[in-house]
Amino acid sequence: MSGRPGPAGAPGAPEGGRPGAHAPVAVVGAGPVGLTAALVLARSGTPVTVFEAREEPATESRASTFHPATLDLLDELGVAAALRRQGRTVDRVQWRDLDGGVHAELDYAVLAGHTGHPYRLHVEQARLTPLLLAELTATGLADVRFGATVTGAEETGGGVRLRAEDATGRVTRTDHPYVLAADGSRSRLRELAGLPGTAEEYPDYALRVVTDTPLDELVPGLAPLAYVRDPRASYSVLGMPDHWRLIFRIPRGTERAGVLDPDAVRARVAQALPGAAGRAVRVADAHTYRLARFLLPRYRAGRVLFAGDAAHLTSTAGGMNMNCGLHDAVETGRALAAVLRGDTGGEALLDEALERRRTVVETAVIPRSEARTAGLAEPGALPAGLAALRRTAADPRSAADYLIKASLLDVAPRPLKGDAHADLVSQAHR
């Protein structure tokens with residue numbers, strides 16, 4: 001495929017009109033990012049075809065944190081309320097030591113006036129997928145194809161011809177004015193476009209321990225979002241609707257088999273929760289996952305656009321990468337819809353949106369997520385860091401600024417207002 005974008009009206013585009021104005025845009029990947037982008041497009045009146053290699057939506061445990069800015073955008077799409085009913089609302093973030101002391105605590109209430117959702121929501125991202133899929137289906141403008149693996153993409157001048165194969169080996173070829181690649185960190189579209197895809201691993205990997213023991217009943221005052229910062233051990237605690245997660249950073253090179261040994265896991269949890277009222281914490285699951293950073297040099301190759309993990313990866317700290325992917329989907333979907341409507345400056349606006357999404361990752365998401373874990377292996381740096389947190393918590397303006405940046409509220413697409421939002425809602429119910 002060509003690596004250079006072609007403007008509307010380029011050779012091969014329909015004469016005198018928008019490129020493929022009535023042809024469906026292809027979205028590759030039916031995860032949260034792909035379905036969000038598809039829903040934004042369909043709500044704008046743009047037909048979409050979604051290709052997903054899996055036979056059904058993914059259900060495995062993955063990202064689980066939805067920030068205020070993301071909830072604002074999901075509310076615009078009509079799914080935030082239903083998602084909240086399935087999740088756990090988190091109204092504060094807490095830093096603690098191993099002995100039960102609280103270093104600092106920030107209340108999300110300071111974000112009132114900055115967002116319609118001054119809280120964080122803990123719920124599996126797999127719970128979002130069916131909500132988006134139902135809304136997308138209701139538009140009547142979507143053809144969602146599960147079990148369809150995209151194996152080829154060829155620029156045709158006026159668009160892209162995709163080759164897809166199902167489980168039986170049957171091949172279909174379809175033409176689209178644009179393709180949005182939301183096919184994850186191992187993106188096949190990225191490979192077909194000849195773009196680099198090698199991620200740089202961080203110096204450590206993550207161990208996630210899942211327990212159905214109600215930790216907030218064992219550890220007095222424990223918030224459902226807590227960071228234990230102690231010279232003896234540092235880790236994160238997330239309270240989910242029906243379980244808790246403890247997330248530890250393990251130095252790369254440490255043998256994973258030893259880390260996952262059941263006795264070693266139990267010993268690590270016992271050390272991490274010495275104040276758990278003397279009761280054993282039942283380990284329901286323990287697994288590791290890699291941590292890596294990656295950023296595409298550009299989010300576009302001709303008429304193929306990239307979003308979410310297909311475009312970027314970073315530390316999972318704070319859930320920023322997944323939330324940023326959903327922001328990608330909304331902003332790119334809006335800009336692409338403008339191109340297909342024939343709005344003035346549409347192609348330029350699309351390029352600006354893609355570059356803005358990339359810049360957000362480079363200047364905000366990566367440095368902020370990495371700052372969350374910086375210095376954990378350096379006990380000498382801990383006192384100064386904790387003192388800074390206490391100063392932040394004591395000043396409402398500083399607390400709001402911290403949570404705005406931690407929630408990406410300052411770099412997220414803004415929810416539509418007034419007539420634009422009314423038009424979107426109207427389109428949803430036609």
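Student: Which ring does the charged end of Arg-268 sit over?

Tutor: In this predicted model, the charged end of Arg-268 lies over the ring of Phe-248, 5.6 Å from its centre. To count, CZ of Arg must be within 6 Å of the ring centre and within 35 degrees of the ring normal. Arg-303 is placed over a ring as well: that of Tyr-178, with 4.9 Å to the centre.

Student: What about rings with rings? How many aromatic pairs are there?

Tutor: Ring centres must lie within 6.5 Å to pair. The count here is 3 aromatic pairs. One aromatic cluster is made of Trp-95, Tyr-227 and Tyr-402.

Student: Now the interior. Which residues touch the most other members of the largest nonpolar core?

Tutor: A core joins buried nonpolar residues through side-chain atoms within 4.5 Å. The largest one has 78 residues, and Phe-66, Leu-162, Leu-189 and Phe-306 touch the most other members. Helix 9, residues 320-341, gives the most to this core: 11 residues. A second, separate core has 24 residues, among them Leu-98, Leu-207, Leu-215 and Val-228.

Student: What does Phe-66 touch?

Tutor: Leave out residues up to four places away in sequence. Phe-66 then contacts, among others, Leu-71, Leu-83, Leu-121, Val-123, Met-322 and Leu-326. Its partners also include Arg-120, Glu-124, Gln-125 and Asn-323.

Student: Where is the pLDDT below 50?

Tutor: Start with the whole chain: mean pLDDT is 89, and 89% of residues reach 70 or more. Residues 418-422 fall below 50, with 2 contacts beyond near neighbours in sequence. Residues 424-430 also stay under 50, with 9 contacts beyond four places in sequence. Where pLDDT is low, do not read the predicted coordinates in detail.

Notes. Residues numbered from 1 in each chain as written. Predicted model: local features only at pLDDT ≥ 70, side-chain atom pairs only at ≥ 80, totals over all residues. Heavy atoms only, no water. Phe/Tyr/Trp six-rings, centres within 6.5 Å; stacked < 30°, edge-to-face > 60°. Buried < 20%, exposed > 50% of the residue type's maximum accessible area, 1.4 Å probe, protein only. Helix = DSSP H or I, 4+ residues; strand = E, 2+ residues; numbered from the N terminus. Contact = heavy atoms within 4.5 Å. pLDDT = per-residue confidence, 0-100.
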